[in-house]
Amino acid sequence: KYINLIENVQVRATKLIDGLKDLSYSERLQKLKLPTLLYRRQQGDMIQVWKHFHAYDKSTLSTNFKHNPRPSRQHDFQLVWNKPKDGTRGIQANSFYFRITTIWNKQPVTLVNSTKVDMFKSRLDDDWADSTSKYATYVR
């Protein structure tokens, strides 16, 4: 509910710019090089997960961040994903841990093994340059 409200602010704000009012929302975003709220949220989430593995003290990690003892060939920092107890639309399913696990586990080795946060951010931008959620048409 709040995601839609925040995204609607961006929808209205992009209409206020001269010459863009008649374009669709995704076209306005592309012209302005402004990503959607979903894209920015996922990008911030990935940066935080990287920091949990590389920058923060391991003793401060949540018990939800369980390192997968049998990671796939993707990378060594995979997380164990547990099914949310309240289903796919519940509060728990939208919490940070449940939201990021599958996205994080799909990231390439070169991205996850970055040594500095700035390197990770630039590699993430390069890797996600063609992301469908970056300028996706917003559905109300």
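How many salt bridges does the structure hold? In this predicted model, the structure holds one, and I would like to take that pair as the starting point and then move outward to the helix that carries one of its partners.

The salt bridge is formed by Arg 99 and Asp 45, whose closest N and O atoms lie 2.8 Å apart. It links distant parts of the chain, since Arg 99 belongs to helix α4 and Asp 45 to helix α3, with the two positions 54 residues apart in numbering. As general background, side chains of opposite charge can pair when their charged atoms come close. The two partners are covered to unlike degrees: Asp 45 is buried, because its relative accessible area of 8% falls under the 20% cut-off, whereas Arg 99, at 23%, counts as partly exposed.

Turning now to helix α3 itself, this element covers residues 37-54, which makes 18 residues, and from its first C-alpha to its last it reaches 26 Å, close to the 26 Å expected at 1.5 Å a residue. Its buried residues are Leu 37, Tyr 39, Gln 43, Asp 45, Met 46, Ile 47, Val 49, Trp 50, His 52 and Phe 53, so the acidic partner of the salt bridge appears in that list. The buried residues of α3 pack against α1 (2-15), α4 (96-105), α5 (109-112) and α6 (117-127).

Finally, a word on the surface: Tyr 2, Leu 5 and Ile 6 make a nonpolar patch of about 350 Å². Leu 5 is found in helix α1, and α1 is also one of the elements against which the buried residues of α3 pack.

Note on methods. Residues numbered from 1 in each chain as written. Predicted model: local features only at pLDDT ≥ 70, side-chain atom pairs only at ≥ 80, totals over all residues. Heavy atoms only, no water. Helix = DSSP H or I, 4+ residues; strand = E, 2+ residues; numbered from the N terminus. Expected span 1.5 Å × (residues − 1). Buried < 20%, exposed > 50% of the residue type's maximum accessible area, 1.4 Å probe, protein only. Contact = heavy atoms within 4.5 Å. Patch = residues over 30% accessible without salt bridge, like charges linked within 9 Å, V, L, I, M, F, W, Y side chains within 5 Å. Areas by Shrake-Rupley, 256 points an atom, 1.4 Å probe, with all protein chains shown as cover. Salt bridge = Lys/Arg side-chain N within 4 Å of Asp/Glu carboxyl O.
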